[in-house]
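Me: Please give me a close reading of one part of this chain, starting from its unusual backbone geometry. I should then like to see how that part is connected to its surroundings.

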Amino acid sequence: MPTSAELPPAEVEHRTMRLRAMTPQDVAALHLLAKAEQWPHRAEDLADMLAVGSGTVAELNGEIIGTTMWWRAGPATATLGMVIVSRRHRGAGLGRIVMDAVLDQIAAALGPDAAIMLNATEDGLPLYRKLGFRGVGEILQHQGAAFQAPLVPLEPGERIRPMGERDGAVVDSLVHAATGLDRPSVMTLLREKAHGVVLTHGDTVTGAALFRRFGRGYVVGPVIAPDATRAKALIAQWIGSRSGEFIRLDIPGDSGLGAWLEELGLVRVGRVVTMVRGGEPRGTAPGTAFAIVSQALC
Ligand SMILES: CC(C)(COP(=O)(O)OP(=O)(O)OC[C@H]1O[C@@H](n2cnc3c(N)ncnc32)[C@H](O)[C@@H]1OP(=O)(O)O)[C@@H](O)C(=O)NCCC(=O)NCCS
């Protein structure tokens, strides 16, 4: 048996690397890895994501060199994200090792046929394809500062008002119906951290848009609405009240909002591919999600 000193460097690394659960103390290291990718998360954003999910880290001699997180989104559904391998350790199989670990965890918790959804960067696509994920759509990242509040007319009987505590359950069910993702703990966290507006028709809540601090500024999402015009009306509420602030939205490629956001100054700066393994999560009201919570959470 060769000693460590006799092994080539890659083999030494695999011998001393270990995988373990991510803890809140690891958030600072995850933040550094994310910053190196120019990802905008604040440490606080990452701590929130960990609080409502599970993380795994790959540690080599006390240094965190790989990460993943996943979130339960139903009895047999999960979302997955924050897959990062430090630049120095890429191309050596570590991405696959951390992904295999997280897929095993999800299978143990939700069963071997669980539906898993993620948003893949260019870097991640080859790895996810090899693991059986397939592309089902795209998410476009729009961001910038808007200085004009567009006026989007509503139908008689409709209005937009602040979201109150009593709207929580209805908004959760709108999000579930739109996305097929059922995540009470994520929604509870969002309600704690976000402000919301709801669209009503008479006494019925028909849409919602949440607004929260994230990264360099603010995020509008999720946005749920019966159609694109009403989604614009909801988004316009936030743009109008935050003139000149840095705002981000992650919208499905087929939402029909891209050109309108560009005109307002929220330009497209990125694209990721939505991928699934197993069945695709589908809600009972498809086509009503106009912005997602975040790229990692889906
Ligand atoms: C995506 C990422 C985690 C991959 O990590 P990695 O450790 O380099 O990946 P691996 O070495 O395990 O490679 C995984 C597989 O993809 C293949 N692969 C990687 N890059 C490839 C490419 N450009 N073209 C074709 N195949 C590729 C590898 O050959 C390997 O396949 P194998 O296991 O059958 O040999 C890493 O590039 C990264 O951290 N990127 C920045 C953050 C990011 O974008 N993460 C994805 C978020 S969705």
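**Positive phi, and the hairpins around one strand**

Reply: Cysteine 298 is located in the segment that follows β13 (289-291). The model is a predicted one, and all that follows should be read accordingly. Cysteine 298 is not a glycine, yet its phi is positive, near 80°. Most residues other than glycine have a negative phi. Cysteine 298 counts as buried because 25 C-beta neighbours lie inside 10 Å, the threshold for that class being 20 or more.

Asparagine 61 shares the feature of a positive phi without being a glycine, with a value of about 50°. Its setting is a loop, the one between β2 and β3. Asparagine 61 has 9 other C-beta atoms within 10 Å and is therefore exposed, since 12 or fewer place a residue in that class.

The loop of asparagine 61 leads to the part that deserves the closest look, strand β3. β2 (54-60) and β3 form a hairpin with two residues between the strands, and asparagine 61 takes its positive phi in this hairpin. The pairing of β2 with β3 is antiparallel and runs over seven bridges. Within it, serine 54 has tryptophan 70 of β3 as its bridge partner.

β3 also pairs with β4, again in the antiparallel sense, here over six bridges. Glycine 66 is placed opposite valine 85 of β4. The hairpin of β3 and β4 has four residues between the strands, and glycine 74 in its turn shows a positive phi of about 145°. β3 itself is mostly covered, with eight of its 10 residues buried.

Both β3 (63-72) and β4 belong to a further setting, the boundary between domains. Domain 1 covers 4-137 and domain 2 covers 140-291. The C-alpha centres of these domains are 28 Å apart. Contact between them involves 30 residues of domain 1 and 22 residues of domain 2. On the side of domain 1 that touches domain 2, at least two residues come from each of α3 (43-51), β3, β4, β5 (115-120), α5 and β6 (134-145). The largest contribution there is that of β5, with six residues. By class, that side comprises 15 nonpolar, nine polar and six charged residues.

β4 (77-85) has a second role in the model, around the ligand. There are 18 residues around the ligand, and the nearest are Arg90, Gly95, Thr121, Gly124 and Pro126. β4, α4 (94-110) and α5 (125-130) are the elements that give two or more residues to this shell. The shell consists of eight nonpolar, five polar and five charged residues.

The interior links the domains as well. The largest nonpolar core has 85 residues, and Ala209, Val220 and Val223 have the most contacts inside it. Helix α8 (228-241) is its main contributor, giving seven residues. Each of domain 1 and domain 2 supplies at least three residues to this core. Beyond its neighbours within four places in sequence, alanine 209 is in contact with several residues, among them Val220, Val223, Leu234 and Trp238.

One further backbone feature deserves attention. Most peptide bonds are trans. The bond from glycine 221 to proline 222 is cis, with omega near 0°. Proline 222 belongs to strand β10 (217-224).

Terms used
Residues numbered from 1 in each chain as written. Predicted model: local features only at pLDDT ≥ 70, side-chain atom pairs only at ≥ 80, totals over all residues. Near = placed C-beta within 6 Å. Nonpolar A, V, L, I, M, F, W, Y, C, P; charged D, E, K, R; others polar. Domains from an automatic or database assignment. Contact = placed C-beta atoms within 7 Å. Pairing = 2+ DSSP bridges. Core = buried A, V, L, I, M, F, W, Y, C linked by C-beta atoms within 7 Å.
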